[in-house]
Amino acid sequence: MSESGDRTDGEPLPEVVARCVSVLRSAPAGLVTDIDGTISAIAPTPAEAVVESGARAALARLAGRLAYVGVISGRAALVGEAMVGVPGLTYVGNHGMERSLNGVLWEHPMAVSQVDAIRSALLGIGEAAVAAGLDDGLVVENKRLSGTVHYRLAPDPLAARGLIRAAAEREAAARGLRVTEGRFIVELRPMVRIDKGTAIVDLVAERALKGIVFLGDDLTDVDGFVAVRELRQRGDVAGLRVGVIGPETPAAVTAEVDVTIDGVVACARVLSAIADALDRANDVANLRGASAPPPSSANPNAGATGG
Ligand SMILES: [Mg+2]
């Protein structure tokens, strides 16, 4: 079930912001965001995508306020890190199969063992597309631990998708890989149960988080949304699933989020408003601490009445 915030332009989205802040007050708390379609507008090709500057600035501010701020993407971790460019964030890439923190990379060993299989399978799909005369406009992206074929620019995306999906299934079956899909993409991944959901479960456990907000826009984010729901249902973690919605949003995404935001520009504003709200909360806490110390820490003489 999804519930929309204020969809007008210009103002932040008060309800979405309030619900995020409420979860993020369950310290230690973390905020995790997808990149493409969430903080970066979908571009004709992956190389052309640019992260919203407002989102970048907000993530940097949030990193100073929260126990954990992470980026989780289907892109390679180092590519995500270069795109977002905020130091100190954890960049989870290839849907959880690798992580980079300040340029230091960790890769899942099982996924590393499939690098050659991924490369060969992508070549096979490319050859099938050429043989069928459907290679025009395809972008084949080898991300080492996974591979993506983008057909957004194909003259007939539907025909391209059918061909790519079938070729991917053949290649995956022959090489022990698995196939997933997203918006105008078919992906090849190692046969290992790692996705954005397992990545979120792991980070919540590792950091002992009590609150988690996850923002995403596509089918591969649904794994993350389901994980946050399940963590919340177990009762020990506050969680909120934020869907960034556009004309291509798959129904599976809207069905598995708690709140929605219309597009990446509005998402950047929401992130900024969350940082503002946490700043205000922090200021209020500081003011309270300065002007009204709790009785246990007060000067014992302060309450004397002269008697
Ligand atoms: Mg995305």
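This report describes the fold, the cores and some local details of one protein chain.

The model is predicted: local features need pLDDT of at least 70, side-chain atom pairs count only at pLDDT 80 or more, and totals for chains, interfaces and linings use all residues. Residues are numbered from 1 along each chain as its sequence is written.

## Overview

The protein chain has ten helices and 13 strands. Both are DSSP runs, numbered from the N terminus: helices are H or I with at least four residues, strands are E with at least two. Of the 307 residues, 46% count as buried. A residue is buried if 20 or more other C-beta atoms lie within 10 Å of its own, exposed if 12 or fewer, and partly exposed in between; the C-beta atoms are placed from the backbone.

Two residues are in contact if their C-beta atoms, placed from the backbone, lie within 7 Å. Among contacts between residues at least 6 apart in sequence, 65% join residues at least 24 apart.

## Cores

In soluble globular proteins, nonpolar side chains tend to be buried together. A nonpolar core here is a set of buried Ala, Val, Leu, Ile, Met, Phe, Trp, Tyr and Cys residues joined through C-beta atoms within 7 Å. The largest one has 62 residues. Cys20, Ile212, Val213, Val242, Cys267, Leu271 and Ile274 have the most contacts inside it. Helix α10 (residues 263-291) gives the most to this core, with eleven residues. Apart from it lies another core, of 19 residues, including Ile118, Ala121, Ala129 and Val186.

Two members of the largest core deserve a closer look. Leaving out residues up to four places away in sequence, Val213 touches Cys20, Val23, Leu24, Leu31, Leu240 and Val242. Cys267 sits in helix α10. Cys267 is buried, with 29 other C-beta atoms within 10 Å. Beyond its neighbours within four places, Cys267 is in contact with Thr38, Ile39, Ala55, Leu215, Val244 and Ile261. The C-alpha atoms of Cys267 and Gly37 are separated by 9.9 Å, with their positions 230 residues apart along the chain.

## Strand β2 and its partners

Strand β2 covers residues 29-33, and five of the five are buried, so β2 is largely enclosed by the rest of the structure. Ala29, Leu31 and Thr33 point one way, while Gly30 and Val32 point the other way. Two strands pair if DSSP finds at least two bridges between them. Strand β2 has parallel partners in β11 (residues 211-216), through five bridges, and in β3 (residues 68-72), through four bridges. Thr33 has Leu215 in β11 as its bridge partner. Leu31 is bridged to Val69 in β3.

## An open sheet and its helix

Four strands form an open antiparallel sheet in the order β7-β8-β10-β9. The edge strands are β7 (139-142) and β9 (177-182), and each pairs on one side only. The twist averages 15° from one strand to the next. Strand β9 pairs with β10 (residues 185-190) over six bridges. Leu177 stands opposite Pro190 in β10.

Helix α5 (residues 115-131) lies across β7, β8 (147-150), β9 and β10, at about 170° to β7. Axes are lines fitted to C-alpha atoms, for helices over the stretch in contact, and angles run from 0 to 180 degrees between N-to-C directions.

## Two crossing helices

The axes of α7 (residues 196-206) and α8 (residues 219-234) come within 6 Å and cross at roughly 40°. That makes α7 oblique to α8. Angles under 35 degrees count as roughly parallel, over 145 as roughly antiparallel, 65 to 115 as roughly perpendicular and the rest as oblique. Residues of α7 in this contact include Ile200, Val201 and Val204; among those of α8 are Val226, Ala227 and Leu231.

## Unusual backbone spots

Most residues other than glycine have a negative phi, and most peptide bonds are trans. The table lists three places to check.

| Place | Backbone value | Loop |
|---|---|---|
| Ala27 to Pro28 | cis, omega near -5° | Pro28: between α1 (14-24) and β2 |
| His95 | phi near 60° | between β4 (90-93) and β5 (98-101) |
| Arg144 | phi about 70° | between β7 and β8 |

His95 is buried, with 27 other C-beta atoms within 10 Å. Arg144 counts as partly exposed, with 19 C-beta neighbours inside 10 Å.
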